[in-house]
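Reader: Hello! I am new to this structure and would love a close look at one part of it. Could you take me through the nonpolar core and what surrounds it?

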Amino acid sequence: MVRCCKILGDANKGEIAMLTRAKLDRALGAVPTPKELVEFMVTLATPPKDHCRVLEPACGDCPFLEAFAERYGHHHEFVGIDIDPEAVYRAKARVPFATILEGDFLLWQPSERFDIVIGNPPYGIIGDESHYPIHTLRERKVIYKQRFHTWHGKFNIYGAFIEHAINLLKPDGKLVFVVPASWLVLDDFSKLRLFLAHTGRLAVYYVGKVFQRRNVSCVVIVLEKSGKGMNLYDGEKLIVSKPDYKGELIRFETPQALEFERGGIALGHLFDIHFAARSPEIRAHPQVSTEPQRGLVPVLTGRNLKPGWIDYEHCYSGFWMPKEAAPTLRFFYGFPHIVVGHTKGTRVVAALDERCYPWREEFHLVPKECNLDLQAIVWHLNSEPMQAYVRTLYRDFVPHLTLTMLKRVPIPHDLVSRNEMPKLPLEG
Ligand SMILES: C[S@@+](CC[C@H](N)C(=O)[O-])C[C@H]1O[C@@H](n2cnc3c(N)ncnc32)[C@H](O)[C@@H]1O
């Protein structure tokens, strides 16, 4: 097997030297872009003038520069940059008319800006190998965090690529990137959405799972620095147009989905939503056992949660504890409450935990001060119109139901029995 040499200066050099080609590709988020997608994106990158400076960051072997030159001519000025010397070597052979640089795009400060930036940046959270894909760059994370204003929460390397690429555009320049759809709805990208809203006119083309063997749903973003507003397309069909876009979640807001949402009170107004206790806490609890014993009940996980009922028999967590001790982990294990699935895809799966068991996963709903018909709410949450609502708005942007999505789920007024319950406006 080929061993890869040091490619990142002194950062993580021991580790890099030991990585095989396949592992290095994974650690650098190297995934080739399908030809049809490259062609589609190049059609969106029409040069605004006769002679443009065109950049492909994270260029790999430069499929975008090659396709751009074939479509619009070789007379433009082409630059590619990649951190991987082998990719740079291949790119120089494939696009000899371009200037190809070896280096970290996120730390690169060219003296001249670009008319067009086009490409497919790496994707992944930067962190330790045990948990996160982009581990070769983890020692640079501190510098990236300082440098990129949109960095928030765990973020993702593709967010930093978007910010840097936009900052390298000329005042009337255009960015065309394919990236995961997660930034449309996750809180970690709220600063990025705000930045995009304030920077120019945004067009988002949903293209779905375009990368073979990668279970990641993607969008093509086109950001034109001169202009404002946001258009969301399904493929090439315009679905949502917001001339006054301010950085809110980007969703497939069809009239039916919005009508359904406005027809009830947002769940977040009726319930406090909590996460379950985490494994380390459970493991450290003095009354928790890793063996089944008389008098102990299983600590439940998402696999125990079914639409409308709970499997109290099987133990998937590997932990057991006395039921009476459950509230010492989380107070809300001490009374019947609604549990909603977190990791079951973009759908709502809910059940009422009437036996008050301990949990290691899922969302737990604690009613605020009002009388609620919990069984009827569970039925409503599992209903087909509810599934259609979340599927329409959020598709497969992320592989799970988020807290933000759950908070906005509408509960019909007739399931809230207290008359004085205020009809609160929905956000966004
Ligand atoms: C998703 S691939 C895209 C390759 C090519 N543009 C394509 O579309 O086929 C991402 C590329 O990013 C490069 N890369 C990862 N981190 C980088 C960084 N910080 N600076 C520059 N290139 C980087 C990898 O070496 C890899 O070639």
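Author: Here is a walk through the core, then a nearby sheet and helix in the telling, and last some charged pairs.

Welcome! Please keep in mind that this is a predicted model. The largest nonpolar core has 121 residues, and the members that touch the most others are Trp183, Ile338 and Leu381. Helix H7, residues 157-167, supplies the largest share of this core, with 7 residues. Where does the core lie with respect to domain 1 and domain 2? Domain 1 (31-250) and domain 2 (257-415) both give residues to it, so the core lies between them.

Let us stop at one of those well-connected members. Leaving out residues up to four places away in sequence, isoleucine 338 touches Phe271, Ala350, Ala351, Leu352, Phe363, His364, Leu365, Leu374, Ile377, Val378 and Leu381. A second core, separate from this one, has 23 residues, among them Ala276, Ala277, Met321 and Tyr333.

The strands come next. Four of them form an open sheet in the order S11-S18-S16-S17, and their pairing is antiparallel. Strand S11 (271-275) and strand S17 (350-353) are the edges; each has a single partner strand, so one side of each has no neighbour in the sheet. From one strand to the next, the twist averages 30°. Ile338 falls within strand S16, residues 337-340, which pairs with strand S18, residues 363-367, over 3 antiparallel bridges. In this pairing, valine 340 stands opposite phenylalanine 363 of S18. Helix H12 (residues 374-382) lies across S11, S16, S17 and S18, and it runs at about 160° to S17. Looking back at the contacts of isoleucine 338, Leu374, Ile377, Val378 and Leu381 are among them, and these numbers fall within the range of helix H12.

Now back to the start of helix H7. Asparagine 156 sits in the loop between helix H6 (141-147) and H7. Is this residue buried or exposed? Asparagine 156 is buried, because its relative accessible area is 11% and buried means under 20%. Apart from neighbours within four places in sequence, asparagine 156 is in contact with Tyr123, Gly124, Ile125 and Phe189.

Charged pairs complete the tour. The whole structure holds 20 salt bridges. In one of them, the side chains of lysine 49 and aspartate 115 meet at 2.8 Å, N to O. This pair links distant parts of the chain, 66 residues apart: lysine 49 is in the loop between helix H3 (35-43) and strand S1 (53-57), while aspartate 115 is in strand S4 (residues 114-119). Lysine 49 counts as partly exposed at 36% relative accessibility, whereas aspartate 115 counts as buried at 2%.

Another salt bridge joins arginine 94 and glutamate 66, whose closest N and O atoms are 2.8 Å apart. Arginine 94 belongs to helix H5 (residues 85-94) and glutamate 66 to helix H4 (residues 63-72), so the pair ties together parts 28 residues apart in sequence. Arginine 94 is partly exposed, with a relative accessible area of 32%, and glutamate 66 is partly exposed at 23%.

A further pair is glutamate 253 and arginine 251, with 3.0 Å between the closest N and O atoms. Both glutamate 253 and arginine 251 are buried. Salt bridges with shared partners connect Lys242, Glu248, Arg251, Glu253 and Glu261 in one network.

Conventions:
Residues numbered from 1 in each chain as written. Predicted model: local features only at pLDDT ≥ 70, side-chain atom pairs only at ≥ 80, totals over all residues. Heavy atoms only, no water. Core = buried A, V, L, I, M, F, W, Y, C linked by side-chain atoms within 4.5 Å. Buried < 20%, exposed > 50% of the residue type's maximum accessible area, 1.4 Å probe, protein only. Helix = DSSP H or I, 4+ residues; strand = E, 2+ residues; numbered from the N terminus. Domains from an automatic or database assignment. Contact = heavy atoms within 4.5 Å. Pairing = 2+ DSSP bridges. Axes fitted to C-alpha atoms, helices over the stretch in contact; angles between N-to-C directions. Salt bridge = Lys/Arg side-chain N within 4 Å of Asp/Glu carboxyl O.
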